[in-house]
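Grab your viewer and work through these short exercises with the model open. Try each task before you read the solution under it.

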Amino acid sequence: MTSATTPVVEHRPDEQRYVITVDGEQAGLTEYRDRDDQRVFFHTEVDDRFAGQGLASTLVTEALADVRAAGKRVVPVCPYWAKYVKKRQEETSDVVDAVTPEVLTWVRGRLG
């Protein structure tokens, strides 16, 4: 029998992403671009092999805590982020900025 291990979330600023690993294997990631004091999250994914374990929620929870600790604000362009912060509006409203057409244009320009 194998015992369950705790997922680990790591911020990789050089790659502009947070990754979540299980048993040392990358299970998912969320990507962002920084815009002044905002961290614009535009993509989140969890590998199908790790689906159904709540890893996306763990990843976003940890990334949000890190952003808050860094004194930045979140812009949830990614649909998963948008759903996450809407569901937890009371706990997240202090650190979340609205997605505006200007931000969407800006992030598209950064992604080429």
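**Exercise 1: A strand pair and its crossover**

Find the residue in E5 that is the bridge partner of arginine 39, then work out how the two strands are connected.

Solution. Keep in mind that this is a predicted model. Step one: in E5, arginine 39 has valine 74 as its bridge partner. Step two: zoom out to the strands, and you'll see E4 (residues 38-46) pairing with E5 (residues 73-76) in the parallel sense, over 4 bridges. Step three: add helix H1 (residues 55-69), and E4, H1 and E5 together make a right-handed β-α-β unit.

**Exercise 2: One threonine in E4**

Decide whether threonine 44 is buried or exposed, and list what its side chain touches through polar contacts.

Solution. Start by placing threonine 44, which sits in strand E4. Its relative accessibility is 15%, and buried means under 20%, so threonine 44 counts as buried. Now the polar contacts: the side chain of threonine 44 meets that of threonine 30 at 2.8 Å, and it also pairs with the side chain of tryptophan 81 at 3.4 Å. Skip neighbours within four places in sequence, and the contacts of threonine 44 include Leu29, Leu59, Cys78 and Tyr80.

**Exercise 3: The whole chain**

Check how the radius of gyration of the protein agrees with that of a compact globule.

Solution. For 112 residues, a compact globule would come out near 13 Å; the protein has 14 Å, so the two agree. For the fold, count 4 helices and 5 strands, following the pattern β-β-β-β-α-β-α-α-α along the sequence. Finally, 38% of the 112 residues count as buried.

Technical notes:
Residues numbered from 1 in each chain as written. Predicted model: local features only at pLDDT ≥ 70, side-chain atom pairs only at ≥ 80, totals over all residues. Heavy atoms only, no water. Pairing = 2+ DSSP bridges. Right-handed = clockwise from strand over helix to strand, strands pointing away. Buried < 20%, exposed > 50% of the residue type's maximum accessible area, 1.4 Å probe, protein only. Polar contact = N/O pair within 3.5 Å; in protein donor to acceptor, adjacent residues only side chain to side chain. Contact = heavy atoms within 4.5 Å. Rg over C-alpha atoms; globule rule 2.2 N^0.38 Å.
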